[in-house]
Amino acid sequence: MDDLVERFLAGDRRALARIISRVENATPEGREYLRALFPHSGKTHIIGVTGGAGSGKSTLTGALAGEYRRQGKTVGIVAVDPSSPFTQGAILGDRIRMQDLALDPGVYMRSMAGRGALGGLAPTIDDVVSIMDAFGFDFVLIETVGAGQDEVEIAGTALTTVLVNNPGTGDDIQAMKAGIIEIADILVVNKADHPGADILVSQLQALLSLAPKGARRPRILKTTAIKGEGMEALAEAIEEHREYLEQSGELGRQREEDARHQVLSIARGILLERIRASTSEADLVALVRRVADRELDPHSAAEELAGGALK
Amino acid sequence: MTATTATKIRVLIAKPGLDGHDRGAKVVARALRDGGCEVIYTGIRQTPEMIAEAALQEDVDVVGLSILSGAHLELFPRVVDELRKRGVDDVLLFCGGIIPEEDTKQLQTLGFSAIFRPGTNTQDIVKFVYEHAKK
């Protein structure tokens, strides 16, 4: 390995950027870097910011990072935007809303393309976040792709998940549905200067009051991120959640659960690669054709494929 | 679409200076996206420092600058300078916009591998990037 690790550990941001690229692309080199730097991670508080497209996630992420800078903290930001399902290309435009931080030496901001991963994240997001964690930022903020109702994966990567809602985007039945709202540790009503903000807050409160006894209720906060309003309170609510995680022992449990998920998902990838490597394209085509022609059901075909490869 | 980690060409498209006409930059960004690149677009009114810092943080392979104000000989050398200051010395540079023919030599010396003027076929820009970006 070259001197990148040494430079990384000395705080060189170019080394950080280079290593992230290799880790993001899952190159063999990238894996070596991850192996070397992973032991340095685990100290940073990881915050996920998710919510619908246009809800103000980028602006809020930028404003929150600005608040942390006022407190003298350093911040790493990973912002994910979607890849084209047809060309795999992407436009990554989250920097546009974070211009105030562009030259701040205490902020490092990285755009990532979703590359087809589910859940509004990117395939190697966990590894990239570990690298940013190891760099020693006080906080790492992850901004997801615009998420709808079901993108819950962020909760497995972040320790505190902030869900950004907007007034005027649906009635209280929307909020009662299962899915993303259940993973929020903090609920933000952004664009609170728009009509309907207070109604949404009371709807969310009513919804939370139905939660089972003893369950931790997320805080609900009003923000107007574009004016920087509500950021101090948001930073406080995040700190409160972090303390709760630490004191309740939930932090250890969550880290273990995230690690289990990560290990199993990587193992799944390795097995799939092994299956692909031990099956010729011609055999695969023949098998798939039998399924397409309804001669064989997909489960039996998969059994046959996996059984042959993993013997 | 299945998830992939295949290495992609990363391109920064930036507009230095004060002119606010970013149609050209957006068209180029879109063409590169359709060509399969990951394009970081930073918006208008970027200072040379902001562009260089974005190139460093995003670890891009290519930087494309768009300018219509006529200030290219003022601003582009400063962008190159800021890139160098940060050790970002191996990116492919190209530019586009209203750039007189007589400035070509000077921009080439500065390190710009191509200048795309009005009327350019966007496919030529995509082709240029794929042929010259180091992977």
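In the predicted model, contacts within chain A are mostly between residues distant in sequence: of the contacts with a separation of 6 or more, 73% link residues 24 or more positions apart. Chain A contains 11 helices and eight strands. Its C-alpha trace extends over about 60 × 55 × 40 Å along the principal axes. The radius of gyration of chain A is 21 Å, which agrees with the value near 19 Å for a compact globule of 311 residues. Of these 311 residues, 41% count as buried.

Three domains are assigned in chain A: domain 1 covers residues 1-40, domain 2 covers 41-248 and domain 3 covers 260-310. The centres of domain 1 and domain 2 of chain A, taken over C-alpha atoms, are 26 Å apart. Their contact involves 12 residues of domain 1 of chain A and 11 residues of domain 2 of chain A. On the domain 1 side, helices α2 (13-24) and α3 (28-37) of chain A each contribute at least two residues. The largest share on this side is that of α2(A), with six residues. The composition of the domain 1 side is nine nonpolar residues, one polar residue and two charged residues.

Chain A also touches chain B, in a contact formed by 31 residues from chain A and 29 residues from chain B. On the chain A side, two or more residues come from each of α2, β3 (90-92) and β4 (107-113). Helix α2(A) again appears here, giving six residues, the largest share of the side of chain A that touches chain B. By class, this side consists of 15 nonpolar, 10 polar and six charged residues. Strand pairing also links the two chains: β3(A) runs parallel to strand β2 (residues 38-41) of chain B and is joined to β2(B) by three bridges. Within this pairing, I91(A) is placed opposite V39(B) of β2(B).

In chain B, helix α5 spans residues 122-132, and its buried residues are I125(B), V126(B) and V129(B). These residues lie on the same side of α5(B), because the arc they cover around the axis is only 100°. The buried residues of α5(B) pack against four elements of chain B, namely β1 (10-14), α1 (23-34), β3 (62-67) and β5 (112-116). On the face of α5(B) turned away from the buried side, the exposed residues are Q123(B), D124(B), K127(B) and E131(B). The helix thus carries I125(B), V126(B) and V129(B) as its buried residues, while Q123(B), D124(B), K127(B) and E131(B) are exposed on the face turned away from them.

A single position in chain A was also examined. Q205(A) is part of helix α7, which comprises residues 197-208 of chain A. Q205(A) has 12 other C-beta atoms within 10 Å and is therefore exposed, the limit for this class being 12 or fewer. The C-alpha atoms of Q205(A) and P218(A) are 9.5 Å apart in space, and the two residues are separated by 13 residues in sequence.

Definitions and conventions: Residues are numbered from 1 along each chain as its sequence is written. Chains are lettered from A and ligands numbered from 1 in the order in which they are written. This is a predicted model: local features need pLDDT of at least 70, side-chain atom pairs count only at pLDDT 80 or more; totals for chains, interfaces and linings use all residues. The radius of gyration is taken over C-alpha atoms; the globule rule is 2.2 Å times the number of residues to the power 0.38. A residue is buried if 20 or more other C-beta atoms lie within 10 Å of its own, exposed if 12 or fewer, and partly exposed in between; C-beta atoms are placed from the backbone. Two residues are in contact if their C-beta atoms, placed from the backbone, lie within 7 Å. Domain bounds come from an automatic or database domain assignment. Ala, Val, Leu, Ile, Met, Phe, Trp, Tyr, Cys and Pro count as nonpolar, Asp, Glu, Lys and Arg as charged, and the others, Gly among them, as polar. Two strands pair if DSSP finds at least two bridges between them. The arc is that of the directions from the helix axis to the C-beta atoms.
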